Each structure stands twice: as structure tokens, then as C-alpha cells.
Protein chains: 2
Amino acid sequence: MRENKYLTIYNDLLLKIRQGILKANEKLPSENELVQQYQTSRETIRKALNLLSEHGYIQKIKGKGSIVLDVSKYDFPVSGLVSFKELAQKMKKPSKTIVCELDLVKPDEYLKKHLHVTNKDEVWKVIRAREIEGEKIILDKDFFNKKFVPSLTREICEDSIYEYIENELKLKISFAKKEIFVDKATDEDDQYLDLEGYNHIVVVKNFVYLDDASLFQYTESRHRLDKFRFVDFARRSHQ
Amino acid sequence: MRENKYLTIYNDLLLKIRQGILKANEKLPSENELVQQYQTSRETIRKALNLLSEHGYIQKIKGKGSIVLDVSKYDFPVSGLVSFKELAQKMKKPSKTIVCELDLVKPDEYLKKHLHVTNKDEVWKVIRAREIEGEKIILDKDFFNKKFVPSLTREICEDSIYEYIENELKLKISFAKKEIFVDKATDEDDQYLDLEGYNHIVVVKNFVYLDDASLFQYTESRHRLDKFRFVDFARRSHQ
DNA sequence: AAGTGGTCTAGACCACACG
DNA sequence: GTGTGGTCTAGACCACTTC
């Protein structure tokens, strides 16, 4: 057994919720009962329950107990953030990635500021169009510091760069900042996408940080207005 | 002293980061050192550090230590989600709220489904336009179950309903689900907002749940395209 | 080998909900 | 009062980084 005990318990409880063994709107066993069931300490049970809570599967109420939330009514996965692209993949809609540009470039002023690189650094610039159900509706512009990603090929780009980075290069992505706003469509958008007359674009900027807190990727994802969708599930913080 | 020990430590460390006593890109004292400094147990220190980490102020690295992240480079507050409206308030831009409608209505099919109410329930329907720097750019449509919010006045609506609910009614909001997408502007949008020719609208749907996991508010916030902005800071989850 | 953060334990006391 | 979840403690062992 190599998995954490609290993650094992988390996954076990999650399975029971998904299978309906633990029913929505009903109470979970108390923490002390779970201590007995899983033969562990209370803090470990609490770690598992807090994870379930943070991910929106249960609600803990002081003095009463923990309630299983109704997961089925979410039309999207509950935890985290979901883009149209991810949804299309989940729905198994036919999709395709077209690599428009793949270059090693000198950073311009904007990139120098946002990627924290200097004139001496080189930066991978990747532009890809995402075609879903026959329409090119998303334009992804990615920029990586060459220091972190030495080589990159068209094949990797057609697949998932993200998987390549995590699985092959073993770089660990730890957190990201997102900005969403609407912008006028550029000539580049028009060139690579099927804009269908829409002259505005939803822009999702993404700043990705590694485990050691260094910024290594800047991404701009440009979505046609009518095909943009974003879901967030937020637990209110302390205070 | 009534505040939690770990929250006290969290706030103290946060203050030191903000004041530059703990500098960006430098290491925090180790957990064992903090145990000494604050005369507490390691788990308590870890609770405080985990909060700082979740809120994006530090980065913990196994075997090495915790690094203070550079907060100053975020043009928006780091933790959680920030809308244009909140930003305008932070920037102290002149803003005004116009209550367009305030009614007790029977729920239609859509509301019955999303607010989990029946024909017997009554629902508060509040429509407000938000004017910022002289332009009406956001239309907020709120729906509350009358069961939770018995009375509501124009004055409360012109102020913050949210504050009224938390401070006066003592209802505790625990989590919310957001959906963002772009829709065609309706006649209602046109009637209440200064659309300036934009015929699309960014829609932010908000489902708000109380402490006991009951859904009590459904909100739709409709933003003029050019004035929409949304920031998210997401830590990657386990797994 | 020494120091770091990550996990886990077995207790303790508290605040809250409910009958 | 009993049971619940929330906080806190003082230890322990582990995996990882650095020397």
C-alpha cells in the first residue's frame, strides 16, 4: 500500500457517494464512527472529510454532522474549473488540434514582463487552433521558457503539451492564475478560426507556476463567444 | 483572546509578508522554528501555513522549506474570485445601484428547478442595474426563497443585499457555483443598461448555498462585454 | 547525516445542536 | 447530558533535499 491513508479513505467515501451507498442529503457516519470503520485516528478521518468538503461533495456542520451533497444536479464536474474544450472531450465530441505556429522566439516586452525572462532567454511560441465538431472555435497561444522545455515537436503539440510536461519532463505544475475578459477579435483570430461573423473573442489568460514557485508558462486561450463556457465551484474561505 | 490560534498565526505571517518583513522569493522560517516562535504545536503551525498556501501567499516545497510568493505582481487580490464590480468598488470609482424591479413572484419552471421550490413557495425577484462611472453596465437579477428572506425593501437592495443577509439575518453562506458564458442581449438588458451597440452579454450565473447545504439564492449577473473581467487563482488539487 | 515538510497517532478540551 | 464537529498538543516515522 503506497497511497496515503487519508487519500484512500477520501477515495473510498467518494466511491460510496457516487455509487449511492451514501445518499444525497443524508448524513455520513460521524467522525468517531469512521475512526472505528477505518481503524485510524480522527485527524486522518478529518483530512479525508475536509478534502470531500473542499471538493464540494459533503457539507460539514458543527454539532450536527456531515451531509452528502447532491452531486447529480451539477451538469459539470464539481471540483475545479472546466472549459468548453475539456467538456467537449468528456462528451467525446469529435475534435482536432491544428498546429498553426511552432517557433523559438525572442521574448517581446509583454512576455519579458509576464514570463520573467530576459533578452538572453528564448521562448517557445505555440499557436494551435481547436476544432470541435468541424468548427475551429478556440485559438490557444502558449509560451514556454526554453529553460524548462528544451525541445518541442509538432507531434507533441498535436497531442497534449500538458501531458508531455507532466509525464515526460516530470515538471510539477502547482498553481495557476486565470483572467477572463472579452476582447476585439484580431486578424490572427480571423485567420485561424471560423469566426462566423463574431467580432469579439473571450480571452482566458493563464499564468502557470511550477512546484518551486517559478512562472514557466503563459497561455492565452481565445474562444469564440458562442462556444465559451466556464464553471467554477468555490467554497467560501475562512474569515 | 477569542480568535483561533492558527488564524492568529496566519494573520500575523500575512501581515509580515505584506509589510515586507518576510520578503518575496525568500524562505520562511522552518516549521520547527515557527513552533518555537509562536510557542505552539507543529500541526497548528501547519494549519496556518496551509492557509497561506491555499490563498497563494506562500509555496511549500517538501524537503526544502516554504517560499514567500511575490504578491505585488498580482494586479488583483490573490485569493478567490474578483468581479469588475468589486474591483470598481476597490478602486473607489463612482458607482450607483438602481433598483429596477422588486417583487414577490410565483416561481416559473426554470426557478422551480434551480431554487428547488414548489408552486406554493414565493420567491423574491430583484433586478438591479449597476452604474459605474456614469454607465449602466451590469444587470443583476437575484432570486431568493421567501422562506429564508421574509422581507426585503428598496433601501436594502440599494445597499448590499449580501451584507443584509449575513449581518442582519445571520444566514451563513458556505459555497457557490458559478457558470460564465456569453449570450445574446435581451430586450430587458437593452431596457435597463447602456449597451452602446453591443448585442451580446457576458452572463455569470451564481448558485449560492447556505451552511446547511440548502440552495437559497440564484443570481444572474449580466455584464456588458467590454466591462467584464474575472480573475481566479487556483491551486492544483491533490491527485 | 541533518534538516525540511508530509503523514499519522492517541489523547484532550471546546462550542454547538438537540432532546 | 450526550453526541457532534473544531481546535490543539506532543510525540512518532517517513520521504525528500542538501551537505
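A polar contact, for this tour, is a pair of N or O atoms within 3.5 Å. Keep that in mind as you explore this predicted model.

**Stop 1: Ser41(B) and DNA strand D.** Select Ser41(B) and look for a backbone N or O atom: it lies 3.0 Å from a phosphate oxygen of DNA strand D. Next, pick Tyr6(B), where a polar side-chain atom sits 2.9 Å from a phosphate oxygen of that strand. Then click Arg42(B), whose side chain has a polar atom 3.5 Å from a base nitrogen of DNA strand D.

**Stop 2: around DNA strand D.** Now show the 24 residues around DNA strand D; those that come nearest are Arg42(A), Glu43(A), Arg46(A), Lys5(B) and Thr40(B). Colour them by type and you will find 2 nonpolar, 9 polar and 13 charged. Which helix gives the most to this surface? Highlight H3(B), which supplies 4 residues.

**Stop 3: over to DNA strand C.** Select the 25 residues that surround DNA strand C, with Lys5(A), Thr40(A), Arg42(B), Glu43(B) and Arg46(B) the closest. Of the strand's atoms that come within 4 Å of the protein, 68% are sugar and phosphate.

**Stop 4: phosphates of DNA strand C.** Zoom in on Asn4(A): a polar side-chain atom is 3.2 Å from a phosphate oxygen of DNA strand C. At Ser41(A), a polar backbone atom lies 3.0 Å from a phosphate oxygen of the strand. Finish with Lys64(A), where a side-chain N or O atom is 3.4 Å from a phosphate oxygen.

**Last stop.** Highlight H3(A), which gives the largest share of the surface near DNA strand C, 4 residues.

Notes. Residues numbered from 1 in each chain as written. Chains lettered and ligands numbered in written order. Predicted model: local features only at pLDDT ≥ 70, side-chain atom pairs only at ≥ 80, totals over all residues. Heavy atoms only, no water. Near = heavy atom within 4 Å. Polar contact = N/O pair within 3.5 Å; in protein donor to acceptor, adjacent residues only side chain to side chain. Helix = DSSP H or I, 4+ residues; strand = E, 2+ residues; numbered from the N terminus. Nonpolar A, V, L, I, M, F, W, Y, C, P; charged D, E, K, R; others polar.
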